[in-house]
Amino acid sequence: MKPLADPAPLLLAHLGAVAAASRRGAVVDLACGRGRHVLAVAERGVRVVGIDRSPAFLSELGERARARGLAIDPVRTDLETPHGIPVAAGSCGAILVFRFLFRPLATAIAQALAPGGLLLYETFTSDQAELEGGPSNPAFLLAPGELPTLFSSLEILEHWEGRTPGDRPSAIATLRARRPD
């Protein structure tokens with residue numbers, strides 16, 4: 001198996017809040033990939049639903065979870081279809097979205113949160129096109145200031161846009177928001 005990257009700083013900074021939000025409903029990671037965020041949350045004793053369209057990634061995630069004795073629920077679905085998210089409205093205590101953008105899902109994401117539910121979202125901005133790696137297709141890049149506008153029905157707790165530090169920076173936007181009670 002390919003080694004996993006570390007979880008995003010946004011998630012690490014708010015792991016306690018995600019664990020607390022799990023009392024309101026399921027914690028769901030959309031487009032979870034190989035599971036770096038799913039596993040980090042599950043290590044806090046929280047059962048997590050990891051949703052991705054790749055059976056190979058979900059299989060790898062399942063192997064990693066079993067090896068660590070962690071409770072996860074892998075769900076295979078393509079989120080870029082008219083079917084939306086395979087969860088009931090108001091059922092999620094927290095939703096995690098990292099490095100994925102499909103704008104038509106924004107309303108469904110907000111509606112899937114339980115009252116008081118937490119959204120952590122991080123993805124690439126249009127400035128990423130100037131950098132190595134990551135997407136270059138504008139469909140997968142946020143315009144400046146766009147992320148909070150996608151979730152205008154939520155209470156925005158924190159929003160940031162910029163470039164990550166290091167040898168291979170990424171241009172990203174992050175959002176922490178909650179559904180009002």
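Visitor: How many disulfides does the rule give here?
Guide: The model is predicted, so local features need pLDDT of at least 70 and side-chain atom pairs pLDDT 80 or more, while totals for chains, interfaces and linings use all residues. Residues are numbered from 1 along each chain as its sequence is written, and side-chain values use heavy atoms, with hydrogens and water left out. With a disulfide taken as a pair of cysteine sulfur atoms within 2.5 Å, the count is zero.

Visitor: Which cysteine sulfur is nearest to that of cysteine 32, and how far away is it?
Guide: Cysteine 32 is buried at a relative accessible area of 7%, where buried means under 20%, exposed over 50% and partly exposed in between, with a 1.4 Å probe and protein chains only. Cysteine 32 is in no disulfide, and the nearest cysteine sulfur belongs to cysteine 92, at 14 Å.

Visitor: Which strands stand at the edges of the sheet?
Guide: Strands are DSSP runs of E with at least two residues, helices runs of H or I with at least four, both numbered from the N terminus, and two strands pair if DSSP finds at least two bridges between them. The open sheet of seven strands, with mixed pairing, follows the order E3-E2-E1-E4-E5-E7-E6. A single partner strand each, and so one side without a neighbour in the sheet, is what marks strands E3 (72-76) and E6 (155-163).

Visitor: How many bridges join strand E4 to strand E5?
Guide: Alanine 94 stands opposite leucine 118 in E5. Strands E4 (residues 92-98) and E5 (residues 113-124) run parallel, and the bridges joining them number six.
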